[in-house]
Each structure stands twice: as structure tokens, then as C-alpha cells.
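Me: I would like to go through a protein model with you. Could you take my questions one at a time?

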Amino acid sequence: MAKTRFQFGNGRRIEAEIDSKRTQPNNAGMTKPETVRRIKAYSAESGYVYQYQFQDVHPGNEFVYYVSADRKSMFPIRIFVRRDALELWTKRTGRALTGTEEYAVAKMRLFQALDEVEDFATKRPGLVVDGSNLGALLERLDL
């Protein structure tokens with residue numbers, strides 16, 4: 001323990017011992033709080049109303065969403081945004097897409113599939129953003 005002197009604004013001085021060599025923290029470790037994920041709804045052109053939530057992005061530009069067609073069970077849908085398509089767009093426009101814009105493109109691809117794929121919940125397709133659909137997806141975002 002070390003002795004330290006304190007002086008207050010009124011001129012009063014005290015000497016106190018400070019515990020500065022403690023080997024363990026004063027409070028116990030706390031668990032990390034769970035991430036709150038918002039469930040959103042999308043009304044597809046087919047007439048179905050799907051619920052979805054963004055789950056995670058994996059290295060290599062794979063975006064994972066959880067989707068529900070019946071509000072009882074959710075299943076993962078993976079959307080892979082191809083790097084070569086992004087690089088081609090960067091060369092053409094002179095600027096790279098931001099991370100937020102890449103997320104938005106993946107989300108637009110999910111919406112496109114929900115609109116077009118019959119019986120989406122049974123088929124659970126793997127989705128890709130590539131050179132064939134990137135331009136149309138970016139148009140939906142006014143980019």
C-alpha cells in the first residue's frame with residue numbers, strides 16, 4: 001500500500017493509503033451482453049410476408065440473414081457478394097462501395113429472391129451478387 005497526500009480546495013490536507021498493487025480486479029468478470037437483433041417484415045410480390053433479420057457478415061463478403069415464412073421457425077440464408085463484381089464496379093465508377101453499400105446490395109438481393117423464388121422457405125436458395133445482377137441491385141439503391 002502506498003501513502004498519498006490529498007489537498008482540498010478549502011486548504012484541508014489528508015494523508016491516505018491507496019491500494020495500488022491489487023492483483024485481482026475489484027469486480028467479478030461480466031458476461032458480454034447479447035446483441036439485440038431487430039426482426040423486420042418484407043411483403044414480397046408473391047403476396048407472402050416474410051420476416052427477416054440480419055445475423056452476421058463473414059469474411060469474404062458472405063452476409064447471413066435469418067428468414068421466416070411462417071413466424072414459427074427461422075432459417076439462414078447466405079448471400080455471397082463476389083469481390084470481382086465489386087472490383088469491376090470500382091474500375092467503372094472510380095470509387096469503391098462502402099461497407100454499408102455492400103450490406104445494402106446483399107439486402108436487395110435477398111428482397112429480389114423473396115419476390116422471385118416460388119416456395120422460398122422450402123428451396124432456401126444460396127444467393128450470389130455478381131456481375132450479372134450487381135448493376136440492377138445498385139439501381140434499386142439509386143447508386
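The conversation below goes from the whole chain to its sheet and then to a single residue.

Me: What kind of model is this?

Reply: This is a predicted model.

Me: How many helices and strands are in the protein chain?

Reply: The protein chain has four helices and seven strands. Starting at the N terminus, the order of the elements is β-β-β-β-β-β-α-α-α-β-α.

Me: And what share of the residues is buried?

Reply: Of the 143 residues in the protein chain, 29% are buried. The accessible surface of the chain is about 10,300 Å², and carbon and sulfur atoms account for 48% of that surface.

Me: Now the sheet. In what order do the strands lie?

Reply: Five strands make up an open sheet, in the order 3-4-5-6-7, with mixed pairing. Strand 3 (40-43) and strand 7 (127-129) are at the edges and have a single partner strand each, so one side of each has no neighbour in the sheet. On average, neighbouring strands of this sheet are turned by 35° against each other, direction ignored.

Me: What holds paired strands together in general?

Reply: Strands of a sheet pair through backbone hydrogen bonds, and the pairing is either parallel or antiparallel.

Me: Which way do strand 3 and strand 4 run, parallel or antiparallel?

Reply: Strand 3 and strand 4 run antiparallel and are joined by four bridges. One bridge pairs Y42 with Y50 in strand 4. The two strands form a hairpin with five residues between them, and G47 in the turn has a positive phi of about 100°.

Me: How many bridges join strand 5 to strand 6?

Reply: Six bridges join strand 5 (residues 62-68) to strand 6 (residues 75-81), and these strands run antiparallel. V64 has R78 in strand 6 as its bridge partner.

Me: Which strands does helix 2 lie across?

Reply: Helix 2 (residues 99-116) lies across strand 3, strand 4 (49-58), strand 5, strand 6 and strand 7. The helix runs at about 40° to strand 5.

Me: Switching to L127: is this residue buried or exposed?

Reply: L127, which is found in strand 7, has a relative accessible area of 4%. Buried means under 20%, so L127 counts as buried.

Me: Which residues is L127 in contact with, leaving aside neighbours within four places in sequence?

Reply: L127 is then in contact with I77, R78, I79, F80, R109, L110 and A113.

Me: And how far apart are L127 and A106 in space?

Reply: From C-alpha to C-alpha, L127 and A106 are 8.8 Å apart, while 21 residues apart in sequence.

Conventions: Residues are numbered from 1 along each chain as its sequence is written. This is a predicted model: local features need pLDDT of at least 70, side-chain atom pairs count only at pLDDT 80 or more; totals for chains, interfaces and linings use all residues. Side-chain values use heavy atoms; hydrogens and water are left out. Buried means under 20% relative accessible area, exposed over 50%, partly exposed in between (1.4 Å probe, protein chains only). Accessible areas come from the Shrake-Rupley method with a 1.4 Å probe; for residues, only the protein chains shown count as cover. Two strands pair if DSSP finds at least two bridges between them. Axes are lines fitted to C-alpha atoms, for helices over the stretch in contact, and angles run from 0 to 180 degrees between N-to-C directions. Contact means heavy atoms within 4.5 Å.
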